[in-house]
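Colleague: I have a new structure open and would like to go through it with you. Could you take a look and help me find my way around?

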Amino acid sequence: MNTIHIIEVCIALVFLLFSFYRDWFGASFTFLIAIIFLAVCGVLSPSEVLSGAANEQVIVIIMLLLIGDIIRQVGLIENIFDRLFTKTNNRHVFSFQMMSMVGVFSAFFNNTPLVAVMMPYVNNWSKRNNTSPSKLLIPLSYAAILGGGLTLIGTSTNLIVNGMYEEYTGQQLNMFDFIYVGLPMLIIGIIYLVFVGDKLLPNHESLLNASLNNRQYIVEGVIPKNSSFIGKTLKELGFIDVKGLFLFAVYRNDVKISIQSNMVFEANDSLFFTGDTEMVTELLNQRKDLVFPEANKLTYSKDSRMIEVVVSHNSNLISKDSREINFRARYNASLIAIHRNGELLKGKIRNQKLKAGDVLLLISDDLFEERTNNDNNIYMISKTSEIKKQLPHVTWLLIIGILVAVALSALHIVPIFTSLAVMLIVGFLTKISNPKDIVAKIDFNLGLTIILALAFGTAMLKTGVSQLIADGIIYVFSPLGTLGFLFALYILTSLLGAYITNKAAVAVSFPIAISMAIQLGYDPKPFVLLVSYAAAANFITPIGYQTNLMVYGPGNYTFRDFFKVGLPLTVLYMFATVGIIYWMYIN
């Protein structure tokens, strides 16, 4: 072993963990810095850095995302759910049916666009049935995660692990290698969430009666020169006792001033409110006395409406403010307010750097939904118009195509790569999707992240860092035997996935799993499967998995909500995974 290279890989590993945990950079840029560092140090050759680009699984993931986006556009899932749940008005029955169907669909469709499709549906059902969405959105995310564990293509984590496994062994995991743990846990997870998790989920009463919902937003208004607010006190304006609206900061000449009931307002004062959607709408209607810097850039019309969107986990809007994004040019929309799970934002709204999971209140027109159909940076979570329904033959074409692709791959007749490529071409030829839009739909950040994660795994195996960590785990847990090693590997991967990202967890834990299996004299396959389960089954934090992050803001959840509901489910999943893998492959 080259001691210098070991130290260099350890430095890169520490940087990765800290950067992901502290959210210094995005996932792809964090990996890029680490890999360039290792390449400069001579740990990785250029061919090793780029070898992941030729990995079949990277392209398969991208194709699955493209197909998922087509499904989201044509309303396939909504068509099916409308038929199933139109008469369901009981929350527990709806929750059970919703999770069962989402779990099954997640086995074959990418769960991120699936949850994006279902969030407006769940919100609308909640409003119709006087139910808090906070009782349903975590179960929606968890069901998508549980269902993703049924098949190889159910989640990108499984495909990333398969790509690493193929690079190391020259073999691939089978389509249904995951079902032995995934199916029992889908059933157990749904039962747990319906009968136990429902009691642990928050019931935010403030979500029940708003036109969209009573999510608390941070909004900035400026007093114009001709405003009737000038010369009046806070008490005279009545901002003190307004239900649903709270003035928490006033800036004058960019200096924060003390808020008192007898303070007198002046022209150009910036007022920062926290309020629900209804109150923000009322404020907008007073635009002669209080203007909104961003909203004023957009021409008001009879078609203008308030829209709520959530920033996706891999959005290129992250770490940008509204001026850099230019909502008007990009979406013909204006950013009115931001909700960040109760966090009191400091400074002007237009200067706020967006984060994944932020809920944005926009004002736009009726064509906003059409403009964002091919955009994966934001997902709409409330809407006033329905997605256009396609002809029945389109729905059946997609369903049959996915099932045929899975069956051919499972029977080793046609590789999943070939089947998905044929599906995309058929989609273009039948005009379900436009080939001109394909570049805009490709998630280049995700592809780059996976390629670089594969390279980092190579560096850990090549230098022996993974062997050193595996030796340490074996030494510490040797009194507990093989079961102890499996539990230790699961806990390590699960914690990395929960508090950093699942892709970083795979990049770190996969080479450790390979080294551990070799050291113990076992087939690497069960250890690799365990890493995949542990990395994907993230229930205890909102940042560990993209669907958790998607429902985090819209559900008004806290970290504690995820931990309280997700910890028992994580423990159940861990014991089931270790027990079944030990019984099937090792015992």
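Modeller: Gladly, and please keep in mind that this is a predicted model. A convenient place to begin is the pair of strands S6 and S7, which run antiparallel to each other and are joined by five bridges.

Colleague: Which residue is the bridge partner of His-339 in S7?

Modeller: His-339 is matched with Val-359, which is its bridge partner in S7.

Colleague: And which way does S1 run against S6, parallel or antiparallel?

Modeller: Strand S1, covering residues 217–222, is antiparallel to S6, and two bridges join them. Within that pairing, Ile-218 stands opposite Ile-338 of S6.

Colleague: How many residues of S6 are buried?

Modeller: Six of its six residues are buried, so S6 can be described as mostly covered.

Colleague: Changing topic to charges, how many salt bridges turn up in the whole structure?

Modeller: The search finds nine salt bridges. One of them joins Glu-48 to Lys-462, with 2.9 Å between the closest N and O atoms. This pair links distant parts of the chain, since Glu-48 sits in helix H3 (residues 46–50) and Lys-462 in helix H19 (residues 444–463), 414 residues apart.

Colleague: Is Lys-462 buried, partly exposed or exposed?

Modeller: Lys-462 counts as partly exposed, because its relative accessibility is 45%, and the partly exposed class lies between 20% and 50%.

Colleague: What about Lys-525, which residue does that one bridge to?

Modeller: Lys-525 forms a salt bridge with Asp-177, and the closest N and O atoms are 3.0 Å apart. Here too the pair links distant parts of the chain, with Lys-525 in helix H23 (residues 524–536) and Asp-177 in the loop between helix H9 (156–169) and helix H10 (179–200), 348 residues apart.

Colleague: Why does Lys-525 count as buried, and why does Asp-177?

Modeller: Lys-525 has a relative accessible area of 16%, and Asp-177 has a relative accessibility of 8%; both count as buried because the cut-off for that class is under 20%.

Colleague: Which residues are linked in a network of salt bridges?

Modeller: The network consists of Asp-321, Arg-323, Glu-324 and Lys-353. Within it, Glu-324 bridges to Lys-353 with the closest N and O atoms 3.0 Å apart. Glu-324 lies in helix H13 (residues 322–325), while Lys-353 lies in the loop between strand S6 (334–339) and strand S7 (359–364), so this bridge ties together parts that are 29 residues apart in sequence. Glu-324 counts as partly exposed at 47% relative accessibility, and Lys-353 likewise counts as partly exposed, at 40%.

Colleague: Let's go to the beginning of the chain. At what angle do H1 and H2 pack?

Modeller: Helix H1 (residues 3–22) packs against helix H2 (residues 27–40) at an angle of about 165°, with 10 Å between the axes. That angle makes H1 roughly antiparallel to H2, because angles over 145 degrees fall in that class. The handedness of the H1 and H2 crossing is right-handed.

Colleague: Which residues meet there?

Modeller: On the H1 side they include Val-9, Ile-11, Phe-15 and Leu-16, and on the H2 side they include Thr-30, Phe-31, Ile-33 and Phe-37.

Colleague: Is Thr-30 buried or exposed, and what does Thr-30 touch?

Modeller: Thr-30, which is found in helix H2, counts as buried at 0% relative accessibility. Leaving aside residues up to four places away in sequence, Thr-30 touches Phe-15, Leu-16, Ser-19, Phe-20 and Phe-25.

Conventions. Residues numbered from 1 in each chain as written. Predicted model: local features only at pLDDT ≥ 70, side-chain atom pairs only at ≥ 80, totals over all residues. Heavy atoms only, no water. Salt bridge = Lys/Arg side-chain N within 4 Å of Asp/Glu carboxyl O. Helix = DSSP H or I, 4+ residues; strand = E, 2+ residues; numbered from the N terminus. Buried < 20%, exposed > 50% of the residue type's maximum accessible area, 1.4 Å probe, protein only. Pairing = 2+ DSSP bridges. Axes fitted to C-alpha atoms, helices over the stretch in contact; angles between N-to-C directions. Parallel < 35°, antiparallel > 145°, perpendicular 65-115°, else oblique. Left-handed = near helix turned anticlockwise from the far one by under 90°. Contact = heavy atoms within 4.5 Å.
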